[in-house]
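Visitor: I'd like to go through the pockets and cavities here, and I'll keep asking how you know. Can you show me the model?

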Amino acid sequence: MQPSTKCVEIKKGTTGSVQPIDPSTAFHYIDSGPQFYPRYFNTPNQNVVAQKIADLEHAELGLIFGSGLAATTTTINALTKPGDHALFLNGLYGGTQSFINSELADRNVEYSWAEKSIDSFEQNVRENTSVIYVESPTNPLLEIVDLRAIANLAAEHNIVTIIDNTFASPINQNPIDLGIDIVIHSGTKYLGGHSDLCCGAVVCSRALMDGIYKKAKIYGGSLNALSVYLLERSIKTLDVRVRRQNENAAAMARYLESHECVSRVYYPGLESHPDHVVAQNQMHHPGAMIAFELLENISITEFLKNIQVIRPALSLGGVESNVCVPATTSHRDIPIAELNAQGLTEQLIRFSVGIEDLDDLKNDFEKAVGAASPLSV
Ligand SMILES: *Cc1c(COP(=O)(O)O)cnc(C)c1O
């Protein structure tokens with residue numbers, strides 16, 4: 001089945017078009033056989049949605065969580081034990097970095113950060129490396145990690161690979177097909193898609209899921225029944241939403257690249273993107289996230305004040321277009337010199353493209369950038 005069909009497929013066990021919402025926390029244990037309990041991640045509703053995400057990612061099994069970070073922290077802890085070494089891509093999602101920096105040392109897990117080249121990963125692999133964890137495309141510069149190369153390196157050294165596939169969504173990239181072992185999503189973004197749901201997911205093989213599931217039951221980061229229902233409902237339109245967002249983003253990236261007020265556009269679908277070829281080789285589509293830099297003399301404050309269809313908001317992946325300035329929001333704790341060295345200037349804007357009309361998006365940008373240009377300020 002193709003993704004669009006998988007998204008709306010009705011799983012066995014119900015005659016309705018959706019799973020009935022089942023908020024029970026107590027189940028008849030003689031009649032129901034296995035002991036269902038929400039914190040065991042095994043209620044019929046949880047199972048159906050987890051399996052749907054696994055199917056979309058071409059994985060054997062799935063597990064859904066109360067947040068993306070619950071999925072991440074549970075998985076990292078399941079795959080590392082005291083004495084192990086974990087290797088992370090430099091510049092991961094902030095919450096993931098905070099977890100690594102504040103928790104791993106206490107658990108006697110060594111860790112280091114690799115740059116996105118395969119050489120850097122190779123140089124940082126140690127005898128005791130048990131896990132490699134990456135994101136691709138990355139936040140906010142949309143850099144691409146060569147996932148097949150990472151998978152091959154890891155296989156040589158018996159290392160388990162994990163990717164946070166949030167930015168791509170299962171519609172644009174299926175890392176398991178490239179040899180990656182475990183895929184994580186912040187379902188708060190594209191899977192939910194309406195900016196009203198906080199959840200996460202992990203998918204992988206049955207063998208790897210055993211250990212993750214054991215930890216998940218201990219830590220207890222499960223998703224409640226009402227949110228499970230919302231996630232099920234949201235996924236029905238995942239394919240159409242993301243395809244439309246992709247189309248808008250590809251067009252907006254080209255538009256911004258030729259705009260006189262924009263000095264640089266980062267979008268893996270553009271030939272000017274340094275990782276364009278790798279993106280083409282591993283993604284079904286370069287996605288709906290863009291980053292761009294306004295010229296130095298354009299006031300970011302005025303731009304954000306005047307943008308109306310597109311909203312300054314921190315999350316991403318929703319049907320509404322959002323922009324944010326990483327240097328003053330998600331990355332504000334990093335010294336500006338360091339940010340600049342990474343190419344992350346104060347004029348850089350991250351753009352999560354929604355499903356609005358393309359001309360409305362262009363007109364909105366045009367008006368806002370006009371109001372922010374030196375002549376009008
Ligand atoms: C938002 C996000 C997370 C964390 O997900 P939550 O659902 O907010 O816990 C992890 N990774 C990426 C790439 C994200 O964008």
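Visitor: What makes a lining residue of the largest pocket count as nonpolar, polar or charged?
Guide: This is a predicted model, and its largest pocket has a lining of 10 nonpolar, 19 polar and 6 charged residues. The class follows from the residue type: Lys counts as charged, Tyr as nonpolar, and Gly as polar. Tyr 93, Gly 94 and Lys 189 are among the residues nearest the centre of that pocket, so by this rule they fall into nonpolar, polar and charged, in that order.

Visitor: How big is the largest pocket, and which element gives the largest share of its lining?
Guide: Its volume is about 720 Å³. There are 35 lining residues, and α3 (68–79), α4 (94–104) and β6 (182–186) each give two or more of them. The largest share, 5 residues, is from α4.

Visitor: Where is the ligand, and what makes you say it sits there?
Guide: The ligand takes up the space of the largest pocket. "Sits in" requires more than half of the ligand's atoms to lie within 2 Å of the pocket's grid points, so that condition is met here.

Visitor: Why is the pair between Asp 164 and the ligand called a polar contact?
Guide: The cut-off is 3.5 Å between N or O atoms. A polar side-chain atom of Asp 164 is 2.5 Å from a ligand nitrogen, so the pair qualifies. Ser 186 qualifies too, because an N or O atom of its side chain is 2.9 Å from a ligand oxygen. Leu 69 uses a polar backbone atom, 2.9 Å from an oxygen of the ligand. On its own the ligand exposes 380 Å², and the protein buries 90% of that.

Visitor: Which residues surround the ligand?
Guide: Among them are Gly 68, Tyr 93, Thr 166, Lys 189 and Leu 316. The shell splits into 5 nonpolar, 5 polar and 2 charged residues.

Visitor: Why are some spaces called cavities and not pockets?
Guide: A cavity is a space where a 1.4 Å probe fits but cannot get out, while a pocket is open. The structure has 2 cavities of 30 Å³ or more. The largest holds about 50 Å³, and its lining includes Glu 9, Lys 11, Lys 52, Glu 232 and Lys 236. That lining has 3 nonpolar, 3 polar and 5 charged residues.

Visitor: What makes the lone polar residue in the second largest cavity's lining polar?
Guide: The lining has 7 nonpolar, 1 polar and no charged residues. Gly 287 is in that lining, and Gly counts as polar, so Gly 287 is the 1 polar residue.

Methods: Residues numbered from 1 in each chain as written. Predicted model: local features only at pLDDT ≥ 70, side-chain atom pairs only at ≥ 80, totals over all residues. Heavy atoms only, no water. 1 Å grid on protein atoms, 1.4 Å probe; cavity = no way out; pocket = protein on both sides within 12 Å on 5 of 7 lines; lining within 4 Å. Points joined across faces, edges and corners; volume = space filled by probe spheres on them. Near = heavy atom within 4 Å. Polar contact = N/O pair within 3.5 Å; in protein donor to acceptor, adjacent residues only side chain to side chain. Areas by Shrake-Rupley, 256 points an atom, 1.4 Å probe, with all protein chains shown as cover. Helix = DSSP H or I, 4+ residues; strand = E, 2+ residues; numbered from the N terminus.
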